[in-house]
Amino acid sequence: MIKLRLKRFGKKREASFRLVATNSTSRRDGRPLEELGFYNPRTKETRLDAEAIRVRLGQGAQPTDTVRSLLEKGGLIEKTTRPAETVGKLQQAAAREAAAAAAVKEAAAAAEAAKEAAAKQAAEAAAAAEAATAADAEPAAAEA
């Protein structure tokens, strides 16, 4: 199978890439079947041989994800949503909804606990006030 991939070249830490057509089993920097363009990620410079790329795509060459995005930006292929992306986005949306529901449930539980704590504290305060009133009443009864 023929792949359209990036071949690294340039200095250390200053990489540039050539867009090449190569056999899928060959090494990243091995000898390509054909060089189809150039990409510099530091300056975002891109040069593509549009006709040669169309020929290779017509022959069934499969671009890697990075090359696909470069070709989409260059207008050589239509921007498509792959099924894996759709499934991943659906799973992420479901996870966000579940997290939001859990947060709502947790907030409701915290509010309920706060209500219970306030009610308990009010009951304790009422009992303390009643005990204080009863204590005040006992000495008065003893004096009379």
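## A walk around the chain

Buried residues make up just 21% of the 144 residues in the protein chain. Keep in mind that you are looking at a predicted model.

Start with the whole chain and show the C-alpha trace. Along its principal axes, the trace spans about 115 × 35 × 25 Å. The radius of gyration is 36 Å, while a compact globule of 144 residues would come in near 15 Å.

Next, switch to cartoon and colour by secondary structure. You'll find 3 helices and 5 strands, and reading along the sequence gives you β-β-β-β-α-β-α-α.

Now select L4, L6, L19, L36, I53, V67 and L71 and show their side chains. These are the residues with the most contacts inside the largest nonpolar core, which has 16 residues. To see where that core comes from, highlight β1 (2-11), β2 (14-23), β3 (34-40), α1 (50-58) and α2 (65-74): each supplies at least two of its residues. β2 is the top contributor, with 4.

Zoom in on L4. Setting aside neighbours within four places in sequence, L4 touches a long list of partners, including V20, A21, L36, I53, V67 and L71. Add R56, L57, A61, Q62, P63 and T64 to your selection as well, since they are also in contact with L4.

Zoom back out for the contact picture: of the contacts with a separation of 6 or more, 31% are between residues 24 or more positions apart.

Finish on the outside. Turn on the surface: about 10,500 Å² is accessible, and 55% of that belongs to carbon and sulfur atoms. Then colour by charge to pick out 25 positive and 20 negative side chains, two sets whose centres lie 22 Å apart.

Definitions and conventions:
Residues are numbered from 1 along each chain as its sequence is written. This is a predicted model: local features need pLDDT of at least 70, side-chain atom pairs count only at pLDDT 80 or more; totals for chains, interfaces and linings use all residues. Side-chain values use heavy atoms; hydrogens and water are left out. A nonpolar core is a set of buried Ala, Val, Leu, Ile, Met, Phe, Trp, Tyr and Cys residues joined through side-chain atoms within 4.5 Å. Buried means under 20% relative accessible area, exposed over 50%, partly exposed in between (1.4 Å probe, protein chains only). Contact means heavy atoms within 4.5 Å. The radius of gyration is taken over C-alpha atoms; the globule rule is 2.2 Å times the number of residues to the power 0.38. Accessible areas come from the Shrake-Rupley method with a 1.4 Å probe; for residues, only the protein chains shown count as cover. Lys and Arg count as positive and Asp and Glu as negative; His and the chain ends are not counted. The place of a charge is taken as NZ of Lys, CZ of Arg, CG of Asp or CD of Glu.
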